[in-house]
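Please explain how the side chains in this structure pair up, looking at both cysteines and charged residues.

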Amino acid sequence: MTYPNSNVGLPLAEHVPDRPAGVSVVIPTLNEADRLPDCLASVAWADEVIVVDGGSTDATTDIARRFGARVLVVTGATIGRQKNAAIEVATHPWILALDADERVTPELQESIEAAVREPARTAYRVHMRNHYLGARYERGAWGRDYHVRLFPKTSRWTTDRVHERLDMQVPVANLSGRLDHESYRDLAHQMDKCVRYGAWGAADMQEKGSTVTLRHLLLHPLWRFVKTYLVQGMWREGMRGFLFCSTYAWGAFAKYALLWDAQRKTRSL
């Protein structure tokens, strides 16, 4: 989906008048020049946007500055640490955390504005509208996908390499509207991301002292496929559902295989 003003390089504050007070948007990036413009255009109403970059070699940071975003460069850090670095310097009491592959819909914008004017809860969940290989996914777990994205500046993310989460125990409410999300550019990107996240997950597990058996290599990928394809109903999505679940299962195999290989190397030292 393309959002209005996605190719306009005006400062964010000039795009839309009557902005809500008190929202800082935080976006971690790494080589997202192709997807960042639409993301930034969808938050043109925000008081502040902070792009925290992990060392991009494309035009990501130039694009962010062209849109009026504040840019921090934090290399060698997990995504959670990137987000926390941006939250530290944010100047408003509410944080909206986004990824470069996400777009705030007009309905969600209105809901955010209403929430920060009269907050009913300490944090707010957003209903994701996931897209995959050119189609929208409304079935299975992806159709029921909610994440906390609007929260006070006092909150922080965990610093795990994979699947960072907000470290807080507070009342949470749901926002109206959807957050458009297209996690993968294409199938090759998904496969590449599976290997990268598998390596990060293996590193997290190795630090915790986890070990790998043949059972992990066989059963974890199999269960991941059965759960997503059959139990959660992704078979209804046809070929796209089969490809998604197969690649998702392969990601589990990659994680445990890479952990086994890392432990093998450690034992041989």
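**Salt bridges and cysteines**

Both D180 and R129 are buried. In this predicted model, their side chains meet in a salt bridge, with N and O 2.8 Å apart. D180 lies in strand 9 and R129 in strand 6 (residues 123-132), so the bridge ties together parts that are 51 residues apart in sequence.

The count of salt bridges comes to 14. Another of them joins E32 to R185, with the closest N and O atoms 3.1 Å apart. E32 sits in the loop between strand 1 (23-29) and helix 1 (36-42), while R185 sits in the loop between strand 9 (172-181) and helix 6 (187-207), 153 residues apart. E32 counts as buried at 13% relative accessibility, whereas R185 is partly exposed at 37%. These two residues also belong to a network of salt bridges that links E32, D34, R35, D101 and R185.

R156 pairs with E88, the closest N and O atoms being 3.2 Å apart. R156 is in the loop between strand 8 (146-152) and strand 9, and E88 is in helix 3 (residues 79-89), so this bridge connects parts 68 residues apart in sequence. R156 is partly exposed, at 24% relative accessibility, and E88 is exposed, at 53%.

What does a search of the whole structure for disulfides find? It finds zero. The sulfur of C194 has its closest cysteine sulfur in C245, 12 Å away, which is too far for a bond; a disulfide would need the two sulfur atoms within 2.5 Å. C194 is buried, with a relative accessible area of 12%, and C245 is buried too, with a value of 0%.

Terms used:
Residues are numbered from 1 along each chain as its sequence is written. This is a predicted model: local features need pLDDT of at least 70, side-chain atom pairs count only at pLDDT 80 or more; totals for chains, interfaces and linings use all residues. Side-chain values use heavy atoms; hydrogens and water are left out. Buried means under 20% relative accessible area, exposed over 50%, partly exposed in between (1.4 Å probe, protein chains only). A salt bridge is a side-chain nitrogen of Lys or Arg within 4 Å of a carboxyl oxygen of Asp or Glu. Helices (H or I, at least four residues) and strands (E, at least two) are DSSP runs, numbered from the N terminus.
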